[in-house]
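Student: I would like a close look at one part of this model and what surrounds it. Please keep the sentences short.

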Amino acid sequence: MCMRIQLSHATVKDLQSRLQYAYRRDEVRLVRRTTVLLDLLVHHVPMEVLCAQWGLSPACIAGWRQACLLRGLDSLLYRHGGGRRPKLTAKQQRRLVELIEAGPLAVGFETACWNAVLIRVMIWREFGVLYNRHYVCTLLLRLSNLY
């Protein structure tokens, strides 16, 4: 038995506006997911064609369709999948940025240039958290995007 689902005009407009928003923000995953759902639910493109076109499995597309039909357009939001909590709290991260901007001399080092080892030592002294010196660069990059 083949069933055809018809979305309301308002839902289609909302899907299209979310697609435009995803394009503007350069969110590739959301563009792909929204485009596939528009083709599947609005333009009635067969799932086999979408699988070949996007390189996705039928189970993936069926899961997206089911989530959209059950939870509505909220299913298009990507959420953080979990993972380990950061060792430094948000307040400590802001303080770390302030200390780094103040410079190594202000923190008590004898040099005027930061390096990963000095930042690692400073984090240990200030917050009691020991990072791998290789991770310090990743941490700094993440903090530069946040603050």
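Student: Where is the place of His44? Start there, then work outward through the helices.

Tutor: His44 sits in the loop between H2 and H3. The model is predicted, so local features need pLDDT of at least 70 and side-chain atom pairs pLDDT 80 or more, while totals for chains, interfaces and linings use all residues. Residues are numbered from 1 along each chain as its sequence is written, and side-chain values use heavy atoms, without hydrogens or water.

Take the loop residue itself. The phi of His44 is near 55°, which is positive although the residue is not glycine. His44 is partly exposed, at 27% relative accessible area. The cut-offs are under 20% for buried and over 50% for exposed, with partly exposed in between (1.4 Å probe, protein chains only).

Now the helices on either side. Helices here are DSSP runs of H or I, at least four residues long, numbered from the N terminus. H2 covers residues 28–42, and H3 covers residues 47–54. They pack at an angle of about 155°, with axes 10 Å apart. Axes are lines fitted to C-alpha atoms over the stretch in contact, and angles run from 0 to 180 degrees between N-to-C directions. H2 is therefore roughly antiparallel to H3. The classes are under 35 degrees for roughly parallel, over 145 for roughly antiparallel, 65 to 115 for roughly perpendicular, and oblique for the rest. H2 passes H3 in a right-handed crossing. Right-handed means that the near helix is turned clockwise from the far one by less than a right angle; anticlockwise would be left-handed.

Which residues make that packing? From H2 come Arg32, Thr35, Val36, Asp39 and Leu40. From H3 come Met47, Leu50 and Trp54. Contact means heavy atoms within 4.5 Å.

Look at Thr35 in H2. Thr35 counts as buried because its relative accessibility is 14%. Leaving out residues up to four places away in sequence, Thr35 touches Leu19 and Trp54. Trp54 is one of the H3 residues in the H2–H3 contact. Leu19 belongs to helix H1.

Follow Leu19, then. Leu19 is buried, with a relative accessible area of 14%. Beyond four places in sequence, Leu19 touches Val31, Thr34, Thr35 and Leu38. Leu30 is eleven residues from Leu19 in sequence, and their C-alpha atoms are 7.6 Å apart. The loop between H1 (9–25) and H2 holds Asp26. Asp26 has a positive phi near 60°, again in a residue other than glycine. Asp26 is exposed, at 61% relative accessible area.

Now go further along the chain. H5 covers residues 90–102, 13 residues in total. At 1.5 Å a residue H5 should span 18 Å, and its end C-alpha atoms are 19 Å apart, which agrees. The expected span is 1.5 Å times one less than the number of residues. The buried residues of H5 are Gln93, Leu96, Val97, Leu99 and Ile100. They cover an arc of only 165° around the axis, so they lie on the same side of H5. The arc is taken over the directions from the helix axis to the C-beta atoms. Residues three or four places apart point the same way because an α-helix has 3.6 residues a turn. Lys91 and Glu101 are exposed on the other side of H5. Gly103 follows H5, with a positive phi near 105°.

What do the buried residues of H5 pack against? They meet helices H6 (104–107), H7 (116–127) and H8 (133–146). The axes of H5 and H8 come within 11 Å and cross at roughly 100°. H5 is therefore roughly perpendicular to H8. On the H5 side, Gln93, Leu96, Val97 and Ile100 make the contact. They meet Leu139, Leu140, Arg142, Leu143 and Leu146 of H8.

H8 has 14 residues and reaches 20 Å from its first C-alpha to its last, close to the 20 Å expected. Val136, Leu139 and Leu143 are buried in H8. Their arc is only 65° around the axis, which puts them on the same side of H8. His134, Leu141 and Asn145 are exposed on the other side. The cover over the buried residues of H8 includes H5 and H7.

One H7 residue is worth a stop: Arg120. Arg120 is partly exposed, at 28% relative accessible area. Beyond four places in sequence, Arg120 touches Leu130, Tyr131, Asn132, Arg133 and Val136. Val136 is one of the buried residues of H8.

Key
Helix = DSSP H or I, 4+ residues; strand = E, 2+ residues; numbered from the N terminus.
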